Amino acid sequence: MLGYVRLELIRTMRDGGYVIFGIVMPVVMYLLFTNLGLAPGDRHDAAIYTMVSMAAYGALGSAFNNGTGIAEDRAAGWLRQLRLTPLAPAQVVAGKVLIGAVSVVPSIAAVLLSGVLVNHVTLAPQQWLAIVALLWAGTVPFSLLGLGNGYRLSGQTAAMANLATMLTLSIVGGLWVPVQNFPSWLKVIAEWTPSNNYAGLSWRIAFGDPPTIHQIVLLLGWMLVFAVYAVYGYRRAGRRA
Amino acid sequence: MIYSGPRHPPTFVFVTTNTSDAVSLTSATKHFGPVRAVDGLTLTIPRGQTVALLGPNGAGKSTTIAMLLGLLPPDSGHAALFGLEPEQAVRQGMVGAMPQEGGLIPRVTVRELLTFVAGTYSAPLPLDQVLTLARIEDLRDRRVDRLSGGQAQRVRFAMAVCGDPDLIVLDEPTAALDVAARREFWESMRGLASRGKTILFSTHYLDEADEHTDRVIVLGHGRVIADGTSAEIKQATALTTVSVTAEGECSWLATLPGVRHMEVKGTRVHLRSGDSDATVMALARAGAVRDLEVVPADLEDAFVALTTDAAPATDKESV
Ligand SMILES: Nc1ncnc2c1ncn2[C@@H]1O[C@H](COP(=O)(O)OP(=O)(O)O)[C@@H](O)[C@H]1O
Ligand SMILES: [Mg+2]
């Protein structure tokens with residue numbers, strides 16, 4: 001299974017979509033936004049706030065990109081070829097989840113590093129630790145949603161669906177423009193999105209507050225919904241393959 | 001060796017699996033909506049045989065292969081590889097397969113891809129040997145998504161054999177290859193067969209079934225139409241043509257041993273014979289050998305004769 005993970009990571013790193021949407025764009029947008037002063041508070045606060053937003057945005061891009069890969073693999077007959085190797089189906093699925101978990105790391109790391117190196121963000125070590133852990137673990141619901149789309153939809157449709165979902169969740173979830181600047185009706189919607197609560201955990205920690213129960217419960221709830229969806233998609237794909 | 005498959009699958013099947021058989025399919029049936037793609041198919045392949053699954057498009061070759069590889073569950077009947085469930089045999093690294101299409105992924109090199117596939121098997125062939133066997137030494141560091149059709153086909157073949165499995169299943173391995181590439185491909189195959197591998201491949205190229213196999217299984221409309229060596233199939237189906245020049249009353253020639261059909265064109269008599277040796281001997285005894293010509297059937301004739309008389313299989317037919 002490690003061989004599978006290695007092969008898929010090589011493919012991911014050579015994937016232009018992954019590098020652009022998962023790494024380059026979040027960093028560029030981060031540097032752009034912080035220098036245009038779109039975030040609330042003073043310059044340092046803005047640099048912290050937007051750093052979390054863009055790391056979350058990049059992680060979402062990578063998580064969904066991984067799901068899109070599944071649809072492409074199925075279209076290419078790769079899932080069938082894998083079923084003809086001694087790898088167990090459960091190893092293939094577990095491998096894909098692991099690949100998703102690894103592929104979000106560069107996205108998060110790239111933005112956090114630009115925060116430190118370019119915008120001189122300073123946080124306490126335990127804050128850094130908590131933010132990295134939450135940004136990383138919090139991608140699970142999005143990975144599941146992306147995989148569900150990948151299993152359920154065909155190649156091009158899955159790519160479009162995942163891109164649209166990723167952008168919608170990023171924008172409505174307040175990752176591009178902070179929710180504070182939203183009209184009140186949109187703000188209400190935003191607070192129910194998984195993306196806003198995902199980034200929200202780290203926003204709060206970055207400004208010295210513990211995450212709220214609302215955030216945790218909502219994110220876990222969404223994770224459950226998306227897990228059911230991914231399993232449903234996988235079952236459907238299995239019947240067709 | 002030759003038999004026609006049962007038109008209707010038996011209602012009761014006693015499943016016996018012999019572990020010395022590489023492949024065993026028992027009364028396997030698969031429907032796609034109203035189409036009966038595979039219709040009560042039973043076949044057994046002992047270890048070490050090279051077998052061609054011959055049939056026109058839509059005969060059920062790919063569906064048969066998908067069932068025996070465990071990719072597609074049969075509606076009824078049973079598939080076993082080496083006496084195991086197909087999935088188990090695959091998990092144990094006893095099987096390598098090349099589906100009719102697909103299996104290549106973008107953004108990896110040939111070496112990366114084959115190293116991964118080989119690594120899933122417990123005792124794979126060394127990479128260099130695989131590259132040589134598949135004749136892709138020069139493609140080692142090429143990206144898989146930048147290969148020509150023939151090159152891609154060889155890489156797909158390499159994926160099937162790199163784990164050094166006992167059973168190799170290839171679905172139309174030479175489709176879309178030109179003549180030279182096909183010849184090279186069969187040289188690779190001969191190398192494998194000589195190492196004692198069991199090889200099952202499907203084809204609709206008759207010359208391939210003729211030249212490269214121990215045994216030919218002819219499929220038509222999801223049933224086994226004939227099963228034997230290519231010579232046996234020729235003999236049993238298409239008839240050898242024995243021609244002589246004869247004058248006057250010659251209807252007696254139709255009664256000679258082996259003769260099934262007679263055609264007279266002027267002074268030339270064409271006898272279609274199921275036993276050309278006996279026919280020629282009888283002609284000689286009767287002193288009727290003049291301008292003797294014996295033309296054996298080719299597999300093409302056999303194939304056409306075998307597959308044209310079977311009716312299409314649909315559910316409506318059996319009600
Ligand atoms: N997935 C499928 N859905 C519907 N019909 C199918 C499917 N696969 C095969 N068939 C039908 O089953 C029959 C046998 O197909 P196949 O096994 O692919 O034949 P071959 O490989 O000999 O060309 C054909 O009539 C084909 O149209
Ligand atoms: Mg086919």
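How many of the residues of α1(B) are buried? I would like to start there, keeping in mind throughout that what we are looking at is a predicted model. The helix is mostly covered, since seven of its eight residues are buried, and these are Lys61(B), Thr63(B), Thr64(B), Ile65(B), Ala66(B), Met67(B) and Leu68(B). Ser62(B), by contrast, has a relative accessibility of 27%, and because buried means under 20% and exposed means over 50%, Ser62(B) counts as partly exposed. Just after the helix, Gly70(B) takes a positive phi of about 80 degrees.

Let me stay with Ser62(B) and turn to the magnesium ion, ligand 2, whose protein donors are the OG atom of Ser62(B) and the OE1 atom of Gln100(B), at 2.0 to 2.2 Å from the ion. These two donors bring together distant parts of chain B, as Ser62(B) sits in helix α1 while Gln100(B) lies in the loop between β5 and α3, 38 residues apart. Gln100(B) is also partly exposed, with a relative accessible area of 37%.

Ser62(B) appears again when we come to ligand 1, where an N or O atom of its side chain is 2.8 Å from an oxygen atom of the ligand. Backbone polar atoms take part as well: one of Lys61(B) lies 2.8 Å from a ligand oxygen, and one of Gly60(B) lies 3.0 Å from a ligand oxygen. Of the 560 Å² of accessible area that ligand 1 has on its own, the protein covers 60%. Two elements of chain B, β2 and α1, give two or more residues to the surrounding shell, and the largest share, three residues, comes from α1(B). Others around the ligand include Phe32(B), Val35(B), Ala37(B) and Pro56(B).

Moving on to the nonpolar cores, the largest has 61 residues, and those touching the most other members are Trp78(A), Val110(B), Leu113(B), Ile136(B), Phe157(B) and Leu170(B). Helix α5 of chain B, residues 149-161, gives the most to this core, with seven residues. Phe157(B), leaving aside its neighbours within four places in sequence, is in contact with residues including Met98(B), Leu133(B), Phe185(B) and Leu192(B). A second, separate core holds 43 residues, among them Leu169(A), Leu201(A), Ala206(A) and Leu219(A).

Finally, a word on His270(B), which is found in strand β12 of chain B. Its side chain is joined to that of Ser243(B) by a polar contact of 2.8 Å, and, not counting residues up to four places away in sequence, His270(B) also touches several others, including Thr241(B), His261(B) and Glu263(B).

Notes:
Residues are numbered from 1 along each chain as its sequence is written. Chains are lettered from A and ligands numbered from 1 in the order in which they are written. This is a predicted model: local features need pLDDT of at least 70, side-chain atom pairs count only at pLDDT 80 or more; totals for chains, interfaces and linings use all residues. Side-chain values use heavy atoms; hydrogens and water are left out. Donors are N, O and S atoms within 2.8 Å of the metal (3.2 Å for Na, K and Ca); water is not among the atoms, so sites may look incomplete. Helices (H or I, at least four residues) and strands (E, at least two) are DSSP runs, numbered from the N terminus. Buried means under 20% relative accessible area, exposed over 50%, partly exposed in between (1.4 Å probe, protein chains only). A nonpolar core is a set of buried Ala, Val, Leu, Ile, Met, Phe, Trp, Tyr and Cys residues joined through side-chain atoms within 4.5 Å. Contact means heavy atoms within 4.5 Å. A polar contact is a pair of N or O atoms within 3.5 Å; within protein, one must be able to donate a hydrogen and the other to accept it, and residues adjacent in sequence count only if both atoms are side-chain atoms. A residue is near a molecule or strand if one of its heavy atoms lies within 4 Å of it. Accessible areas come from the Shrake-Rupley method with a 1.4 Å probe; for residues, only the protein chains shown count as cover.
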